[in-house]
Amino acid sequence: MTAFLLIWSPKKWPWPELPDVARRVAAGEAVADVWGCGTARGLMPGDRVFAHRVALEPKGVFASGYVTRAPYEVPDTSSKRGYRLCIDFVYDWLVDAHERVVVTRDELRAHPFSVQTWDAQASGTLIKPMAE
């Protein structure tokens, strides 16, 4: 199974709807979302994604899901390319990362997770199989 890392920085994207979205996912609702994937074009439907909160505490993994649509271009005038790549996915679990994460940054530094570089600058990083 192929898995990719999605990055969320609350400094750049405050995400005030997160508590409500987390409640809906916890209640069993199939919640779809769109996420930027940097320059990565290798994400395919069925691939796993894991969301990692960076920049502010609590830092760590707080969500996962499955890709439902491969990367596609979305116009973005703030980008040098004039677009950004996005994927569609559905959450299979999500917690309110304003309050907590499931796997903390300190836990990610320990084996077996330590084989992976978790400090990515952009979403779309391939997660090494041993860290999955």
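**Exercise 1. The largest pocket**

How much space lies in the largest pocket? Describe the lining as well.

*Solution.* The model is a predicted one, and in it the largest pocket holds about 880 Å³ of space. As a next step, turn to the lining, which consists of 26 residues, with Ile-7, Trp-13, Trp-35, Gly-36 and Ser-123 lying nearest the centre of the pocket. Two or more lining residues come from each of strand S1 (3-8), strand S2 (32-36) and strand S5 (83-94). Finally, sorting the lining by residue class gives 14 nonpolar, six polar and six charged residues.

**Exercise 2. Overall architecture**

Work out the order of the secondary structure elements, and then judge the compactness of the fold against the globule rule.

*Solution.* Begin with the inventory, which comprises two helices and seven strands. Read from the N terminus, these elements follow the order β-α-β-β-β-β-β-α-β. The radius of gyration is 14 Å, close to the 14 Å given by the globule rule for 132 residues, so the protein is as compact as a globular protein of that length. The C-alpha trace spans about 35 × 35 × 30 Å along its principal axes. Buried residues account for 45% of the 132 residues, and, of the contacts with a separation of 6 or more, 66% are between residues 24 or more positions apart. The accessible surface comes to about 7,300 Å², with 55% of that area belonging to carbon and sulfur atoms.

**Exercise 3. Cis peptide bonds**

Locate the peptide bonds that join Glu-57 to Pro-58 and His-111 to Pro-112, and state the omega value for each bond.

*Solution.* As background, most peptide bonds are trans. The bond joining Glu-57 and Pro-58 is cis, with omega at about 0°, and Pro-58 is placed in the loop between strand S3 (48-53) and strand S4 (60-75). The bond from His-111 to Pro-112 is also cis, its omega being near 5°, and Pro-112 belongs to the loop between helix H2 (105-108) and strand S7 (125-127).

**Exercise 4. Positive phi outside glycine**

Are Trp-15 and Ala-55 buried, partly exposed or exposed, and what is the phi of Trp-15 and of Ala-55?

*Solution.* The starting point is that most residues other than glycine have a negative phi. Trp-15, in the loop between S1 and helix H1 (18-26), has a positive phi near 55°. Its relative accessibility is 13%, and because buried means under 20%, Trp-15 counts as buried. Ala-55, in the loop between S3 and S4, has a positive phi near 80°. With a relative accessible area of 34%, Ala-55 is partly exposed.

Definitions and conventions: Residues numbered from 1 in each chain as written. Predicted model: local features only at pLDDT ≥ 70, side-chain atom pairs only at ≥ 80, totals over all residues. Heavy atoms only, no water. 1 Å grid on protein atoms, 1.4 Å probe; cavity = no way out; pocket = protein on both sides within 12 Å on 5 of 7 lines; lining within 4 Å. Points joined across faces, edges and corners; volume = space filled by probe spheres on them. Helix = DSSP H or I, 4+ residues; strand = E, 2+ residues; numbered from the N terminus. Nonpolar A, V, L, I, M, F, W, Y, C, P; charged D, E, K, R; others polar. Buried < 20%, exposed > 50% of the residue type's maximum accessible area, 1.4 Å probe, protein only. Rg over C-alpha atoms; globule rule 2.2 N^0.38 Å. Contact = heavy atoms within 4.5 Å. Areas by Shrake-Rupley, 256 points an atom, 1.4 Å probe, with all protein chains shown as cover.
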